[in-house]
Amino acid sequence: MRRYVSDTAELTDEYGIRIGRWTQYRDLGPLPFDAMWCVIPPGGSSSEDIHPEVEFAVVTRGTAIYEAGGEKVEVPTGGVILLEPEQSHVIHNPSPEQPLTILSIYWMPRPDEAAQPDEAAQPGDSAQAGADAGTGRD
């Protein structure tokens with residue numbers, strides 16, 4: 001069993017926020033995905049970002065506001081946002097006092113998944129529905 005904590009990660013300035021790439025954990029070896037800690041200061045926002053990967057982002061501390069495609073979605077601690085490839089987005093930290101921490105897990109989509117919405121999705125499976133139920137990458 002191994003434990004990794006954002007508070008002790010080596011962070012660098014990227015995308016207008018602080019980033020801790022999981023490649024720093026050399027004991028992990030190769031993973032089937034990439035990951036990074038994202039730390040946004042109180043009242044701060046990331047730069048606008050767009051990338052070819054699918055991104056599964058878990059808010060581990062604070063509340064995030066994801067802005068994408070003219071829509072804003074609030075994601076509380078423990079919540080998840082799923083971003084599709086090439087989906088431009090900005091992450092905001094609305095707290096005037098507490099840093100926002102997100103674990104971003106991302107990977108290249110399989111060719112058969114690229115730009116294809118899941119036809120088997122059930123009503124209410126949207127990011128907003130997940131955020132409403134208490135369910136962000138750089």
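A residue is called buried under 20% relative accessible area, exposed over 50%, and partly exposed in between. The views below are drawn from a predicted model.

**Figure 1. The whole chain combines one helix with nine strands.** Along the sequence, the elements follow the pattern β-β-β-β-β-β-β-β-β-α. The chain has 138 residues, of which 37% are buried. About 8,100 Å² of the chain is exposed, and carbon and sulfur atoms supply 53% of that area.

**Figure 2. Strand β3 pairs with β2 and with β9.** Strand β3 spans residues 34-40 and is mostly covered, with six of its seven residues buried. Strand β2, residues 17-21, runs antiparallel to β3 and is joined to it by four bridges. Within this pairing, R21 has M36 of β3 as its bridge partner. Strand β9, residues 100-107, also pairs with β3 in the antiparallel sense, here over seven bridges. In that pairing, V39 stands opposite T101 of β9.

**Figure 3. R21 forms a salt bridge with E14.** The closest N and O atoms of this pair lie 2.6 Å apart. R21 has a relative accessibility of 27% and therefore counts as partly exposed. E14, at 23%, is likewise partly exposed. R21 also appears in Figure 2, where its bridge partner is M36 in β3. Side chains of opposite charge can pair when their charged atoms come close.

**Figure 4. R18 forms a salt bridge with D13.** The closest N and O atoms of R18 and D13 are 3.0 Å apart. R18 counts as partly exposed because its relative accessibility is 32%. D13, by contrast, reaches 61% and so counts as exposed.

**Figure 5. The salt bridge between R61 and D7 links distant parts of the chain.** In this pair the closest N and O atoms are 3.0 Å apart. R61 belongs to strand β4 (residues 54-61), whereas D7 lies in the segment before β1 (12-14), and 54 residues separate the two. With a relative accessibility of 30%, R61 counts as partly exposed. D7 has a value of 55% and therefore counts as exposed. The chain has four salt bridges in total, among them the pairs R61 with D7, R18 with D13 and R21 with E14.

Technical notes:
Residues numbered from 1 in each chain as written. Predicted model: local features only at pLDDT ≥ 70, side-chain atom pairs only at ≥ 80, totals over all residues. Heavy atoms only, no water. Buried < 20%, exposed > 50% of the residue type's maximum accessible area, 1.4 Å probe, protein only. Areas by Shrake-Rupley, 256 points an atom, 1.4 Å probe, with all protein chains shown as cover. Pairing = 2+ DSSP bridges. Salt bridge = Lys/Arg side-chain N within 4 Å of Asp/Glu carboxyl O.
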